[in-house]
Amino acid sequence: MSDTTSPILSSLADGILQLSFNRPARRNALNGEMYLQLTEAIGAAIDDPAVKVIFLQGSQGVFTAGNDLGDFSPLPDELLAMRLFRVLAGCFKPVVAAVEGLAIGIGSTLLGHCDFAFAGASTRFATPFVKLGVCAEGASSLLLPASAGYKKAASILLLGDPFTAAEALAAGLLTEVVEDGQAAAHGLAVAARLAAQPPEVIQTGKRLLKTPQLDAVREAFAREEAAFLRLLAAEPAQTAIAGFLAPKKS
C-alpha cells in the first residue's frame, strides 16, 4: 500500500492494481501532481506482468470534482491531464472504474477510456467546460457522440448541465448503475473475473476492440488540447476561472 497521505493511493493484489484519488479536502479534484502520478503508475502497470487489471476509484465516497482550477493560473504550457489520457489510450490491459458521489469534468470524460464503469445511483455527473470558457478534452468530442449519439453528446458537452447516473448509463459512459456505496464492490468483482482469465487473451480482445479508432482518438487529443489551451488564454475562460478561484464570502 502506498503512503496514505499521497494524493494517489496504490495497491496491488491478485493481479488488480487499485489506484485511488485521495484528496478528499478538495473532493478529489485532480491536480498536476496527481496526473503525473497516475500517468507513471499506469505506464508502469502496462509493462508489469503482475498487473492484469487497473482499477480506478475515488476516496471517501467521491470519485472526483474534476480538474483543480488552480492548475490553470498561471496559464500552463500543456495539459497534464492529456498525459493521463494518452497512456490510457495505449493501455490494452482492462481498466475498471468505480464512481460515487461526483464525476465532474474529467471525472466524466475519463470514463470514455475505461472498459467497465460502475456508478452509485445518486452520483452526479457534469461536463461544465463551456461554463468555464473552454472545451471538452480526452477525445470526448469523438467518443461521446459515438456512444451517446450526436444530439445527446451536444447537450452534455455544449450545455454543461448536471446529469444523473441513469443518463450517464444511457450515454454509454457506464456499464451499470448500482446502489450507492456498491460501485467498488461491483467493479472489483468484474476486475477479479478479468484477472482470472489468461492475460494475452484479454489484452488481445481489448486491442481488437480499440485499434480501429485509436488513430482517431489520438488525433482528437491533439485537436482538443490545442483548442483548450487557446480558449484557456482568452478572456471568457480567465474571467470564469478567476470567479471560481476567488475567495467566497461567508
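Helices (H or I, at least four residues) and strands (E, at least two) are DSSP runs here, numbered from the N terminus. The model is a predicted one, so to speak of local features takes a pLDDT of at least 70 and side-chain atom pairs count only at pLDDT 80 or more, while totals for chains, interfaces and linings use all residues. Residues are numbered from 1 along each chain as its sequence is written, and side-chain values use heavy atoms, with hydrogens and water left out.

**View 1. Glu137, a buried acid without a salt bridge.**
Look for Glu137 in the loop that runs between strand S7 (124-126) and helix H4 (140-148). Glu137 is buried (under 20% relative accessible area; exposed is over 50%, partly exposed in between, with a 1.4 Å probe and protein chains only). No salt bridge (a side-chain nitrogen of Lys or Arg within 4 Å of a carboxyl oxygen of Asp or Glu) is there for Glu137, and the nearest side chain of opposite charge, Arg86, sits 11 Å away. For charges, Lys and Arg count as positive and Asp and Glu as negative; His and the chain ends are not counted. What does Glu137 contact once neighbours within four places in sequence are left aside? With contact meaning heavy atoms within 4.5 Å, the list is Met82, Phe85, Ile106, Thr109, Phe129, Glu224 and Phe228.

**View 2. Arg86 and Glu225 join helices H2 and H8.**
The Arg86 and Glu225 side chains meet in a salt bridge, 3.2 Å from N to O. Arg86 belongs to helix H2 and Glu225 to helix H8, and the two are 139 residues apart. Arg86 is partly exposed at 38% relative accessibility, whereas Glu225 is buried at 13%.

**View 3. Lys206 and Asp115, another salt bridge.**
Here the N to O distance is 2.7 Å. Lys206 lies in helix H8 and Asp115 in the loop between H3 and strand S6 (116-120), so the pair ties together parts that are 91 residues apart in sequence. Lys206 is buried, with just 4% relative accessibility, and Asp115 is partly exposed at 30%.

**View 4. Lys152 reaches from H5 to Glu167 in H6.**
The closest N and O atoms of this salt bridge are 4.0 Å apart. Lys152 sits in helix H5 and Glu167 in helix H6 (residues 165-170), 15 residues apart. Lys152 is partly exposed, with a relative accessible area of 31%, and Glu167 is partly exposed, also with 31%. The salt bridge count comes to 7, and elsewhere Arg23, Arg26 and Asp68 are linked in a network of them.

**View 5. Helices H4 and H5, with their buried residues.**
Which residues of H4 are buried? They are Ser140, Leu143 and Leu144. These cover an arc of only 95° around the axis (taken from the directions from the helix axis to the C-beta atoms), which puts them on the same side of H4. Their cover includes helix H3 (106-109), helix H5 (150-159) and helix H8 (199-232). After H4 comes Gly149, with a positive phi near 90°. In H5 the buried residues are Ala153, Ala154, Ile156 and Leu157, and what covers them includes H4 and S8. Just past H5, Gly160 has a positive phi of about 75°.

**View 6. The open sheet S5-S7-S8.**
Three strands make up this sheet, and the pairing is mixed. Strand S5 (102-104) and strand S8 (163-164) stand at the edges, each with a single partner strand, so one side of each is left without a neighbour in the sheet. Two strands pair if DSSP finds at least two bridges between them; S5 and S7 pair in the parallel sense over 3 bridges. Ile104 has Ala126 in S7 as its bridge partner.

**View 7. Strand S4, covered on both faces.**
All 5 of the 5 residues of S4 (residues 95-99) are buried, so the strand is largely enclosed by the rest of the structure. Val95, Ala97 and Val99 are on one side, with Val96 and Ala98 on the other. S4 pairs with strand S3 (residues 53-57) in the parallel sense over 4 bridges, and Leu56 stands opposite Ala97.
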